[in-house]
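This briefing covers pockets, surface features, charged pairs and backbone geometry. The sequence and the structure come first, and the notes follow by topic.

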Amino acid sequence: MTKLKLKKHLVTLPKEDVINLVLSLYDASAEAKMYLETYLTPDYSAALEKYKKIIRNEFFPARGFSDKPSFATCRKAISDFKKLKADAISLGDLMLYCIELGCEYTMTFGDMWEQYYTTLEKNFEKALKHISDHDLGEQFRQRNKSMLNSTHCGWGFSDTLWDMYYDYYGRQE
C-alpha cells in the first residue's frame, strides 16, 4: 500500500476509528510505541541511551568478546534513531559515538582489516557532514579532537580521519 492510498482511506474513517488504529499500532510494534512516545514527549535522551547501548554492545558486549562488530547493526541503530525525528545534536552525538567506539575497539584490540577502517572513515565523513550541515562544529570540535588524538593505528587510518577533520574545521588549530 502506498502512503497516498493509506491517506485516502484514513480520511474516510471516523475520528474514533483513527484513534483506535493508532492505539492498536502502539500496542503492536515496539518501534511504533517508541515513535509515538517520542512524538508526544520530544525528549530523546532515553532513546539516545537505548541506541548507544545497541552500538556499544557491537564493540564491547557485556559478556564475551566481539570478534567482528556489525556495522550494519550500528547503521540500523542510527537509522532507527533518525526515524524518531531526533534533534540534530542528539543524532550527531550518536553518529560520533559509533566512530568513537570503533576507534576505541581498534586501540584496545589492535589493527583491524581494511574494510573495518574504510567503514569507520565513511561513517566519520557522514558524521562530520551532519555536524557541518547543522552548524554544530563548535559543539563537537573538542570531542572530535579528543577522539582523533587517542587514535594512532591502522595503516594511515588516523591520518585519513585527521584529513577529514581538517576538511571541515580547517588546519588553524
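**Structural briefing**

Lys68 is exposed, with 59% relative accessible area. The residue sits in the loop that runs between helix 4 (45–59) and helix 5. The model discussed here is predicted. In this model, the C-alpha atoms of Lys68 and Glu58 are 8.2 Å apart, while the two residues are 10 apart in sequence.

**Largest pocket**

- The largest pocket encloses about 520 Å³ of space.
- Its lining includes Leu6, Leu10, Val18, Leu21 and Val22, and Lys3, Ala32, Tyr35 and Tyr39 are also among the lining residues.
- Helix 1 (3–12), helix 2 (15–28) and helix 3 (30–40) each contribute at least two residues to this lining.
- By class, the lining of the largest pocket holds 10 nonpolar residues, no polar residues and 1 charged residue.
- The charged class takes in Asp, Glu, Lys and Arg, so the charged residue in the lining list of the largest pocket is Lys3.

**Second largest pocket**

- The volume of the second largest pocket is about 310 Å³.
- The lining of this pocket consists of 15 residues, and those nearest its centre are Ile78, Lys82, Leu91, Met95 and Lys126.
- At least two lining residues come from each of helix 5 (71–83), helix 6 (88–109) and helix 7 (114–133).
- Helix 5 makes the greatest contribution to the lining of the second largest pocket, with 6 residues.
- The lining of the second largest pocket divides into 6 nonpolar, 4 polar and 5 charged residues.

**Nonpolar surface patch**

- Tyr35, Tyr39 and Leu40 make up a nonpolar patch on the surface, and together they have about 370 Å² of accessible area.
- Tyr35 and Tyr39 also belong to the lining of the largest pocket.
- Leu40 lies in helix 3, and its relative accessible area of 67% makes it exposed.

**Salt bridges**

- Side chains of opposite charge can pair when their charged atoms come close.
- The count of salt bridges in the model is 8.
- Lys83 and Asp80 form one of these salt bridges, with an N to O distance of 3.9 Å. The two residues are 3 apart in helix 5, which means that about one helical turn separates them.
- The partners in this bridge have contrasting environments: Lys83 is exposed at 53% relative accessible area, whereas Asp80 is buried at 13% relative accessibility.
- In the salt bridge between Asp93 and Arg143, the closest N and O atoms are 2.7 Å apart. Because Asp93 lies in helix 6 and Arg143 in helix 8 (residues 137–149), this pair ties together parts that are 50 residues apart in sequence.
- Asp93 counts as buried, at 14% relative accessibility, while Arg143 is partly exposed, with a relative accessible area of 23%.
- Lys129 and Asp133 meet through their side chains in a further salt bridge, at 2.7 Å from N to O. Both residues are in helix 7, and they are 4 residues apart, so about one helical turn lies between them.
- Lys129 is partly exposed, at 43% relative accessibility.
- Salt bridges with shared partners also link Glu31, Lys76, Asp80 and Lys83 into one network.

**Positive phi angles**

- Most residues other than glycine have a negative phi, and most peptide bonds are trans.
- Lys85 is not a glycine, yet its phi is positive, at about 65 degrees. This residue occupies the loop between helix 5 and helix 6.
- The relative accessibility of Lys85 is 56%, so the residue counts as exposed.
- Asp135 likewise has a positive phi, near 55 degrees, and is a residue other than glycine. Asp135 is located in the loop between helix 7 and helix 8.
- With 72% relative accessibility, Asp135 counts as exposed.

How values were computed. Residues numbered from 1 in each chain as written. Predicted model: local features only at pLDDT ≥ 70, side-chain atom pairs only at ≥ 80, totals over all residues. Heavy atoms only, no water. 1 Å grid on protein atoms, 1.4 Å probe; cavity = no way out; pocket = protein on both sides within 12 Å on 5 of 7 lines; lining within 4 Å. Points joined across faces, edges and corners; volume = space filled by probe spheres on them. Patch = residues over 30% accessible without salt bridge, like charges linked within 9 Å, V, L, I, M, F, W, Y side chains within 5 Å. Areas by Shrake-Rupley, 256 points an atom, 1.4 Å probe, with all protein chains shown as cover. Salt bridge = Lys/Arg side-chain N within 4 Å of Asp/Glu carboxyl O. Buried < 20%, exposed > 50% of the residue type's maximum accessible area, 1.4 Å probe, protein only.
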